[in-house]
Amino acid sequence: AGLLQDLDGKCLFLKDFTTVLSAGDETRTAIYGQFRAAYDGYLDKGFGTMRTPVRVRASFGLVAGCTPVIDKYTKMAGALGERFLMIRPSMVAVEQ
């Protein structure tokens, strides 16, 4: 919960989101769930044998770069929901 509290009110930049995409389904789903919760302003997290999860209140922006491999995960965009926006810059040839 410490890192999440440190991100509160800030923006997290991920150089390569491909690492998250290439993770196993269970891991990727867990990470997406944590991103959605953080976007909503809080994350409930259970620790060890605690009966009641700890609620961490934090909200942060996220900007992530990715290779074209993201196109293989288009159904995952639905799992992210309306909280996320994908921007694909157009490639412009530069004259030399």
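I looked up Y32 before anything else: its relative accessible area is 2%, so Y32 is buried (buried means under 20% relative accessible area, exposed over 50%, partly exposed in between, with a 1.4 Å probe and protein chains only). This is a predicted model, where local features need pLDDT of at least 70, side-chain atom pairs count only at pLDDT 80 or more, and totals for chains, interfaces and linings use all residues. Residues are numbered from 1 along each chain as its sequence is written, and side-chain values use heavy atoms, with hydrogens and water left out.

**F17 and its ring partner**

I checked F17 next, and F17 also counts as buried, at 9% relative accessibility. Leaving aside residues up to four places away in sequence, F17 touches Y32, F35, A64, G65 and C66 (contact means heavy atoms within 4.5 Å).

I counted 2 aromatic pairs (rings of Phe, Tyr and Trp, the last by its six-membered ring, pair if their centres lie within 6.5 Å; planes under 30 degrees apart count as stacked, over 60 as edge-to-face and the rest as tilted). How do F17 and Y32 pair? Their ring centres are 6.3 Å apart and their planes at 10°, so the pair is stacked. F17 lies in the loop between β1 (11-14) and α2, and Y32 in helix α3, so the pair ties together parts 15 residues apart in sequence. I noted one aromatic cluster formed by F17, Y32 and F35.

**The core**

I pulled the largest nonpolar core, which has 13 residues; L4, F17, Y32 and F60 touch the most other members (such a core is a set of buried Ala, Val, Leu, Ile, Met, Phe, Trp, Tyr and Cys residues joined through side-chain atoms within 4.5 Å). At least two residues of this core come from each of α1 (2-7), α2 (18-21) and α3 (25-40), and α3 gives the largest share, 4 residues.

**T67**

I found T67 in the loop between β4 (61-64) and α4 (74-80). T67 is partly exposed, at 35% relative accessible area. Its C-alpha atom is 8.0 Å from that of F17, though the two are 50 residues apart along the chain. The T67 side chain makes a polar contact with the side chain of T18 at 3.2 Å (a pair of N or O atoms within 3.5 Å; within protein, one must be able to donate a hydrogen and the other to accept it, and residues adjacent in sequence count only if both atoms are side-chain atoms).

**Whole chain**

I logged 4 helices and 4 strands (DSSP runs numbered from the N terminus: helices are H or I, at least four residues, and strands E, at least two). Of the 96 residues, 19% count as buried.
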